[in-house]
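Colleague: Could you take me through one part of this model in detail, namely the nonpolar surface patch and the residues that surround it? I would like the overall setting before the close view.

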Amino acid sequence: LPPPAGPVVVLNGLDFYTESTDIVEFELWSRLGSFKDAKGNYEGWDLIASGTVEGRGFGRYTAIPEDMFTQVSIPGGGGERGTR
């Protein structure tokens, strides 16, 4: 874990895995802090990417296009402070 005054991490893209080579729909959600007690509802969650892409198939990652992704920052310091 980074030290309490650790640097901020900026997430500006993500790849995901699908065995499909068809068009797939996706949603990517994020929240600041712990997801404990936040499962099963959308309160406090931010939709940071959604759309459709062509899956790259078995053994390959599929990138979320940059124009479909909202950049988010993860605070330094670890623990619940350092989660997004």
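Modeller: The model is a predicted one, and in it the protein has 6 strands and 0 helices, so that the order along the sequence, given how such runs are assigned, reads β-β-β-β-β-β. Of the 84 residues in the protein, 25% are buried, and about 6100 Å² is exposed, with carbon and sulfur atoms supplying 53% of that area. Among the contacts with a separation of 6 or more, 65% are between residues 24 or more positions apart.

The patch itself covers about 410 Å² and is made by Tyr17, Phe58 and Tyr61. Tyr17 belongs to strand β2, which spans residues 15–17, whereas Phe58 sits in the loop between β4 and β5, the latter being residues 61–63. Tyr17 has a relative accessible area of 40% and is therefore classed as partly exposed, since this value lies between the limits of 20% and 50%. Phe58, at 66% relative accessibility, counts as exposed because the value is over 50%.

Leaving aside residues up to four places away in sequence, Phe58 touches Tyr17, Thr18 and Glu19. The C-alpha atom of Phe58 is also 8.2 Å from that of Thr21, although 37 residues separate the two along the chain.

Gly57 is likewise placed in the loop between β4 and β5, but with a relative accessibility of 1% Gly57 counts as buried. With residues up to four places away in sequence again not counted, Gly57 touches Tyr17, Thr18, Glu19, Ser20 and Thr21. For the pair Gly57 and Tyr17, the C-alpha atoms are 7.9 Å apart in space, and the residues are 40 apart in sequence.

On the other side of these contacts is Thr18, which is found in the loop between β2 and β3. Thr18 has a relative accessible area of 16% and so counts as buried, the limit being under 20%. The side chain of Thr18 reaches the backbone nitrogen of Ser20 at 3.2 Å. Beyond four places away in sequence, Thr18 touches Gly55, Gly57 and Phe58, together with Val24, Arg60 and Thr62.

From here the view can be carried inward through Phe16, which lies in strand β2. Not counting residues up to four places away in sequence, Phe16 touches Tyr61, one of the residues that make the patch, and also Val24, Phe26, Val53, Thr62 and Ile64. The C-alpha atoms of Phe16 and Ala63 are 6.5 Å apart, with their positions 47 residues apart in sequence.

Phe16 is one of the 10 residues of the largest nonpolar core, whose other members are Val24, Phe26, Leu28, Ile48, Ala49, Val53, Ile64, Phe69 and Val72. The elements that give two or more residues to this core are β3, residues 23–30, and β4, residues 46–54. Within the core, Ala49 touches Phe26, Leu28, Ile64 and Phe69, and its contacts also include Glu27 and Met68, once residues up to four places away in sequence are set aside.

Taken together, the part you asked about has Phe58 exposed and Tyr17 partly exposed, while Gly57 and Thr18 are buried, and Phe16 has contacts with both Tyr61 and the core residue Val24.

Definitions and conventions. Residues numbered from 1 in each chain as written. Predicted model: local features only at pLDDT ≥ 70, side-chain atom pairs only at ≥ 80, totals over all residues. Heavy atoms only, no water. Helix = DSSP H or I, 4+ residues; strand = E, 2+ residues; numbered from the N terminus. Buried < 20%, exposed > 50% of the residue type's maximum accessible area, 1.4 Å probe, protein only. Contact = heavy atoms within 4.5 Å. Areas by Shrake-Rupley, 256 points an atom, 1.4 Å probe, with all protein chains shown as cover. Core = buried A, V, L, I, M, F, W, Y, C linked by side-chain atoms within 4.5 Å. Patch = residues over 30% accessible without salt bridge, like charges linked within 9 Å, V, L, I, M, F, W, Y side chains within 5 Å. Salt bridge = Lys/Arg side-chain N within 4 Å of Asp/Glu carboxyl O. Polar contact = N/O pair within 3.5 Å; in protein donor to acceptor, adjacent residues only side chain to side chain.
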